[in-house]
Amino acid sequence: QVQMVESGGGLVRTGDSLRLSCAASGRTFSGYTMSWFRQAPGKEREIVARIEWSGNGTDYADSVKGRFTISKDNAKNTFYLQMNSLKLEDAAVYYCAAGSWAVREAAYKYWGRGTQVTVSS
């Protein structure tokens with residue numbers, strides 16, 4: 001059974017940093033893309049960053065470029081989202097997902113349950 005488990009969310013102030021982790025288990029993810037999505041209240045879920053599990057390709061939403069960094073540790077079957085210079089608009093539930101190299105949700109087969117990131121001024 002595949003499991004994707006996020007951790008690391010919390011309450012921070014604007015300008016602070018936070019690192020999210022996603023522990024993936026239950027299968028090999030060779031060839032998959034591992035991504036972070038987020039969903040703020042009243043908004044659609046959007047992709048934030050993605051990384052090739054078997055390669056080094058990464059991609060970011062324009063809104064987080066230069067502030068967020070996605071990385072992975074294949075040996076630990078874990079990938080991360082380092083979030084720096086957090087803004088109020090970054091507040092959301094963050095989800096990790098595994099699927100194909102795409103930005104649409106439908107391309108992702110496995111999902112975590114989400115972790116809340118709250119940003120206060």
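What share of the contacts with a separation of 6 or more joins residues 24 or more positions apart in the protein? In this predicted model, such pairs account for 56% of those contacts.

The secondary structure comprises 11 strands and 0 helices, and the order along the sequence is accordingly written β-β-β-β-β-β-β-β-β-β-β. The radius of gyration is 13 Å, close to the 14 Å that the globule rule gives for 121 residues, so the protein is as compact as a globular protein of that length. Taken along the principal axes, the C-alpha atoms fill a box of roughly 40 × 25 × 25 Å.

Turning to the interior, buried residues make up 43% of the 121 residues. The largest nonpolar core holds 31 residues, among which Met4, Met34, Trp36, Leu81 and Tyr94 touch the most other members. Several strands give two or more residues to this core, including E3 (18-25), E4 (33-39), E8 (78-83) and E9 (92-99). A second, separate core has 7 residues, among them Tyr95, Ala97, Ala102 and Tyr108.

Tyr94 merits a closer look. Leaving aside neighbours within four places in sequence, Tyr94 is in contact with residues that include Glu6, Leu20, Trp36, Arg38, Val48, Phe68, Leu81 and Val117. Two of these partners, Trp36 and Leu81, are also named with Tyr94 among the core residues that touch the most other members.

At the surface, the protein exposes about 6,300 Å², of which carbon and sulfur atoms supply 44%. As for charge, the protein carries 15 positive and 11 negative charges, and the mean positions of the two sets lie 4 Å apart.

Terms used. Residues numbered from 1 in each chain as written. Predicted model: local features only at pLDDT ≥ 70, side-chain atom pairs only at ≥ 80, totals over all residues. Heavy atoms only, no water. Core = buried A, V, L, I, M, F, W, Y, C linked by side-chain atoms within 4.5 Å. Buried < 20%, exposed > 50% of the residue type's maximum accessible area, 1.4 Å probe, protein only. Helix = DSSP H or I, 4+ residues; strand = E, 2+ residues; numbered from the N terminus. Contact = heavy atoms within 4.5 Å. Rg over C-alpha atoms; globule rule 2.2 N^0.38 Å. Areas by Shrake-Rupley, 256 points an atom, 1.4 Å probe, with all protein chains shown as cover. Lys, Arg positive; Asp, Glu negative; His and termini not counted. Charge placed at Lys NZ, Arg CZ, Asp CG, Glu CD.
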